[in-house]
Amino acid sequence: VQLQASGGGLVQPGGSLRLSCAVSGNFFTLNDMGWYRQAPGNQRELTATITPLGNANYANSVKGRFTISRDNAKNTVNLQMDSLKPEDSAVYYCSAQIKRRWYDSVDAYWGQGTLVTVSS
């Protein structure tokens, strides 16, 4: 199983970016998916998560500005980031809770990270 993230880059404050993450490989179930971020010197923190039914959870710092979505048919999760602030600058990682085979436990899988820089 692999997670491939894309969509990071440099954007001015107030601008928008859209991150995408695709899950590939064989698995039994794809459960919650999400985005986490890690700024230099900080621990990785939850940004947003979404259940298979589309129930979303956001960090307080991004509520009202970020929107997470997923396409269960394509095994993808997206993060629309609007009204970006310099403090949103970080490496963003996608994550998925996956059961590889019916008898396996659910494990967390991570993408490689994509850099988002918000600066004028």
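Me: In this predicted model, why is aspartate 88 called buried?

Reply: Aspartate 88 has a relative accessible area of 0%. The term buried requires a value under 20%, so aspartate 88 qualifies as buried.

Me: What makes the contact of arginine 65 with aspartate 88 a salt bridge?

Reply: The closest N and O atoms of arginine 65 and aspartate 88 are 2.7 Å apart. The limit for a side-chain nitrogen of Arg and a carboxyl oxygen of Asp is 4 Å, and the pair is therefore counted as a salt bridge. Arginine 65 is in the loop between strand S6 (56-58) and S7, whereas aspartate 88 is in the loop between S8 and S9. The pair thus ties together parts 23 residues apart in sequence. Arginine 65 is itself buried, at a relative accessible area of 10%.

Me: Why can such side chains pair at all?

Reply: Pairing is possible for side chains of opposite charge when their charged atoms come close.

Me: How do you know that arginine 37 and glutamate 45 form a salt bridge?

Reply: Their closest N and O atoms are 2.9 Å apart, and the cut-off is 4 Å, so the contact is a salt bridge. The two residues fall into separate accessibility classes: arginine 37 is buried at 7%, while glutamate 45 is partly exposed at 39%. Moreover, Arg37, Glu45, Arg65 and Asp88 are linked in a network of salt bridges.

Me: Why does aspartate 104 count as buried?

Reply: The relative accessibility of aspartate 104 is 19%. Buried means under 20%, so the value meets the criterion. Aspartate 104 meets arginine 101 in a salt bridge with an N to O distance of 3.1 Å. Arginine 101, at 39% relative accessibility, counts as partly exposed. In the whole structure, the search finds 4 salt bridges.

Me: What makes the link between cysteine 21 and cysteine 94 a disulfide?

Reply: The S to S distance is 2.1 Å, and a disulfide requires the sulfur atoms to lie within 2.5 Å, so the pair satisfies the definition. The link is right-handed, with 50° about the S-S bond. Because cysteine 21 lies in strand S3 and cysteine 94 in strand S9, the pair ties together parts that are 73 residues apart in sequence. Cysteine 21 is buried, with a relative accessible area of 1%, and cysteine 94 is buried at 0%. A search of the whole structure finds 1 disulfide.

Me: Which residues have the most contacts inside the largest nonpolar core?

Reply: They are Leu3, Trp35, Ile68, Leu79, Met81 and Tyr92, in a core of 29 residues. At least two core residues come from each of several strands, including S1 (2-6), S4 (29-38) and S7 (66-71). Strand S9 gives the most, with 5 residues. Nonpolar side chains tend to be buried together in soluble globular proteins.

Me: Why is the pair of tryptophan 102 and tyrosine 103 called edge-to-face?

Reply: I take the other aromatic pair before this one, as the structure holds 2. Tyrosine 36 and tryptophan 110 lie 5.0 Å apart, centre to centre, with 65° between the planes. An angle over 60 degrees counts as edge-to-face, so this pair is edge-to-face. The pair links distant parts of the chain, with tyrosine 36 in strand S4 and tryptophan 110 in strand S10, 74 residues apart. For tryptophan 102 and tyrosine 103, the ring centres are 5.4 Å apart and the planes stand at 90°, so that pair is edge-to-face as well.

Me: How do you know that tryptophan 102 is exposed?

Reply: Tryptophan 102 has a relative accessible area of 61%, and exposed means over 50%, so the term applies. Tyrosine 103, in the loop between S9 and strand S10 (106-110), is exposed at 53%. Phe28, Trp102 and Tyr103 make a nonpolar surface patch of about 430 Å².

Me: What makes asparagine 75 and serine 83 notable in backbone terms?

Reply: Asparagine 75 is not a glycine, yet has a positive phi of about 55°. Serine 83, likewise not a glycine, has a positive phi of about 50°. Asparagine 75 is in the loop between S7 and S8, and serine 83 in the loop between S8 and S9. Asparagine 75 is partly exposed at 21%, and serine 83 is partly exposed at 41%.

Methods: Residues are numbered from 1 along each chain as its sequence is written. This is a predicted model: local features need pLDDT of at least 70, side-chain atom pairs count only at pLDDT 80 or more; totals for chains, interfaces and linings use all residues. Side-chain values use heavy atoms; hydrogens and water are left out. A nonpolar core is a set of buried Ala, Val, Leu, Ile, Met, Phe, Trp, Tyr and Cys residues joined through side-chain atoms within 4.5 Å. Buried means under 20% relative accessible area, exposed over 50%, partly exposed in between (1.4 Å probe, protein chains only). Helices (H or I, at least four residues) and strands (E, at least two) are DSSP runs, numbered from the N terminus. Patches are made of residues with over 30% relative accessible area and no salt bridge: like charges are joined within 9 Å, nonpolar side chains (Val, Leu, Ile, Met, Phe, Trp, Tyr) within 5 Å. Accessible areas come from the Shrake-Rupley method with a 1.4 Å probe; for residues, only the protein chains shown count as cover. Rings of Phe, Tyr and Trp (its six-membered ring) pair if their centres lie within 6.5 Å; planes under 30 degrees apart count as stacked, over 60 as edge-to-face and the rest as tilted.
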